[in-house]
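Here are a few exercises to work through with the model open beside you. Try each task before reading its solution.

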Amino acid sequence: MSKVRFSAIIIPFLFALNLLAQTTNQAYWTYIDRYKDMAIDQMHRYCIPASITLAQGLLESNAGRSTLATQANNHFGIKVGGTWKGPYVLRNDDAPNEKFRKYRTAAESYEDHSRFLQGKRYQGLFQLSITDYRGWAHGLKAAGYATNPRYAQSLISIIERFGLSQFDTRHPKSRHPRSADKAAAFFERHMVYHNNKNYFIVVEAGDDMATISKATGVSQRKLRRYNELPKGYVLQPGDILYLEKKQKEASKQFKDNPIHIVDYNQSMHDIAQLYGIRIDRLYKLNRQGPDYVPRIGDILRIR
């Protein structure tokens, strides 16, 4: 096969694969931010690690995007079973037209998932530490929660990739060790995430540099410098704001596919924030200067 022919096949494939990875990554963060408190609450009431609940929800519902999740609010793929008296939907799974539980809300699904794991076959899991997510993942597979032979590894990979184990030590109403002051109130509304050896928060409506600086203890000057923002920049809801200096390249998880394919309306700053890398290093990795404006479909190196 000629090099031209090979490129004609592989480049569109890499483009589709990379776009899928970007979309999935963003969808996962959105799901985590939306349902983390629900998982933490379930942990404190039923002693199931929040990391396990979130990882199962992400995996079983494709980050809330599956047909079961969107049409039946079923985030955990739980079938009807002998005790279920509520509504159900039909879906092909291990066999055609299997019955899956249907819920009014996602909260009902989370609650039913916790109760489902109280069944006899899962009782051995509750002998494990609340922080032993690996043991829980392997225990769920051994107890027959899923038929996928790599189910445990999939859960562990999700937990470690997105740092979900941090939620296993959080209290649902007071998730930060500070006393009940303005800083504590700030952390009631904001979760601190981890990406590429750095910590970040997601800006919410009403946030500004002054309040974030006061709550986090990071000066406004450093926040602007770490995030490469001009002095007069006004924070927007959804902005990623790092609390430490970013890295020179994307994390090792991207070593086998160290590229980013530019999506609609993405700037170099957007891409640098997404991967937790410095914008000057992003320009250097791609042999571009500050005047370069990425266009949709451009392929950029991130490490």
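**Exercise 1. Classify the packing of α2 and α5, and find which residues make the contact.**

Solution. α2 and α5 are oblique to each other, a class for angles that are not under 35 degrees (roughly parallel), over 145 (roughly antiparallel) or 65 to 115 (roughly perpendicular). The class follows from an angle of about 50° between helix α2 (residues 50-61) and helix α5 (residues 133-142), whose axes are 9 Å apart. Axes here are lines fitted to C-alpha atoms, for helices over the stretch in contact, and angles run from 0 to 180 degrees between N-to-C directions. Helices (H or I, at least four residues) and strands (E, at least two) are DSSP runs, numbered from the N terminus.

Next, the handedness: α2 and α5 cross in a right-handed sense, meaning that the near helix is turned clockwise from the far one by less than a right angle.

Then the residues: α2 contributes S51, I52 and Q56, while α5 contributes Y133, W136, A137 and L140; contact means heavy atoms within 4.5 Å. Five of these contact residues are nonpolar, two are polar and none is charged.

A note on the source: this is a predicted model, where local features need pLDDT of at least 70 and side-chain atom pairs count only at pLDDT 80 or more, while totals for chains, interfaces and linings use all residues. Residues are numbered from 1 along each chain as its sequence is written, and side-chain values use heavy atoms, with hydrogens and water left out.

**Exercise 2. Is S61 buried or exposed, and what is it in contact with?**

Solution. Start with its place: S61 belongs to helix α2. Its relative accessible area is 0%, so S61 is buried (under 20%; exposed is over 50%, partly exposed in between, with a 1.4 Å probe and protein chains only). Leaving aside neighbours within four places in sequence, S61 touches Y31, Q56, S66, A69 and H75.

**Exercise 3. Work out the strand order of the open sheet, and which strands stand at its edges.**

Solution. The three strands are ordered β3-β4-β5 with antiparallel pairing; two strands pair if DSSP finds at least two bridges between them. β3 (193-195) and β5 (240-242) each have a single partner strand, so one side of each lacks a neighbour in the sheet.

Now check the pairs. Three bridges join β3 to strand β4 (residues 198-202), with Y193 opposite F200 and N195 opposite N198. Three bridges also join β4 to β5, where I201 faces L241.

Finally, the turn: β3 and β4 form a hairpin with two residues between them, and N196 in the turn has a positive phi of about 55°.

Definitions and conventions:
Nonpolar A, V, L, I, M, F, W, Y, C, P; charged D, E, K, R; others polar.
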